[in-house]
Amino acid sequence: MFGISSKEDKFYALFRESAEVACTTTKKLEGLICQNSVSDAEAEMMHDLEHRADKITTEIVDRLNSTLITPLDREDIYTLAQNLDDIVDLSQGAVERMVLYHTKKPSIGAQEIVRTIVKATEQLKTAFCCLNSIHFKKSEILAATEEVYRLESVGDSLYRQEVARLFEQEKDAIEIIKWKEILEHLENTLDQCEEIADLLKGVVLKYD
């Protein structure tokens, strides 16, 4: 683990790239969820990010299948890659539904949930940037995972509050259905962040 080969380093580079795309996607979502509506061009931009994330995930899996010795357990590499990709898929899915359903301007609560997602993905990016020096940057990785746990808890509370507000204040039943589905996408995105934090913590403990 101390001497990293070029093949091993490629895995870490791909993880960093995937985490960067996840951050870019959630930050784009943050901007869109503050708008009155989402244009087709903006929705297409999110779709392009999803394709980019898919390509990175495919490359990780292809390398996994063609590499005899991997820097981390194969199952960990595969699951980390898939969960990072899921963050992008879910973010893009939320925007796609905003466009398809012609939703009203998102609430302050929905905006706060997305800001929490952005902070969580930034913490994951920090952790993945430390992964190739896991022995020396253990504390940085663990600190990032703990912050993701905290943010996921905050996001859960915001989600429950927003669903309650939706049913209490929204008079249009169709709008309730639309936003409940979108909010579930946002909550699932935070859940994916927490799952990645769990995996990263487990990886650190394995190589401690």
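In this predicted model, F15 makes a good number of contacts with residues further along the chain: leaving aside neighbours within four places in sequence, F15 touches I60, I77, L80, A81, L84, F128 and L131. F15 also turns up in the largest nonpolar core, a set of 64 residues. Together with F128, L131, L186 and L200, F15 is among the residues that touch the most other members of that core. Two of those residues, F128 and L131, are also on the contact list of F15 itself.

As for where the core comes from, the elements giving two or more residues to it are α1 (6-32), α2, α3 (74-101), α4 (108-130), α5 (138-169) and α6 (173-206). The biggest share comes from α6, which supplies 13 residues. As a general point, nonpolar side chains tend to be buried together in soluble globular proteins.

One of the contacts of F15 is I60, so it makes sense to turn to I60 next. I60 sits in helix α2, which covers residues 40-66. With a relative accessible area of 2%, I60 is buried. Not counting residues up to four places away in sequence, I60 touches F11, L14, F15, I77 and A81. Both I77 and A81 are on the list for F15 as well. There is also a backbone view of this spot: I60 and Y78 are 18 residues apart along the chain, yet their C-alpha atoms are separated by 7.7 Å.

Now for the cysteines. The model has zero disulfides. A disulfide is a covalent bond between the sulfur atoms of two cysteines, and here a pair has to have its sulfur atoms within 2.5 Å to count. For C129, the closest cysteine sulfur is the one in C130, and because it lies 6.8 Å away, it is too far for a bond. Seen from the other side, the closest cysteine sulfur to that of C130 is in C129, again at 6.8 Å and too far for a bond. The two also part ways in exposure: C129 is partly exposed, with a relative accessible area of 36%, whereas C130 counts as buried at 7%.

Finally, there is a backbone oddity at H102. This residue has a positive phi of about 50°, although it is not a glycine. H102 is found in the loop between α3 and α4. Its relative accessible area is 67%, so H102 is exposed, in contrast to I60, which is buried at 2%.

Technical notes: Residues numbered from 1 in each chain as written. Predicted model: local features only at pLDDT ≥ 70, side-chain atom pairs only at ≥ 80, totals over all residues. Heavy atoms only, no water. Buried < 20%, exposed > 50% of the residue type's maximum accessible area, 1.4 Å probe, protein only. Helix = DSSP H or I, 4+ residues; strand = E, 2+ residues; numbered from the N terminus. Contact = heavy atoms within 4.5 Å. Core = buried A, V, L, I, M, F, W, Y, C linked by side-chain atoms within 4.5 Å.
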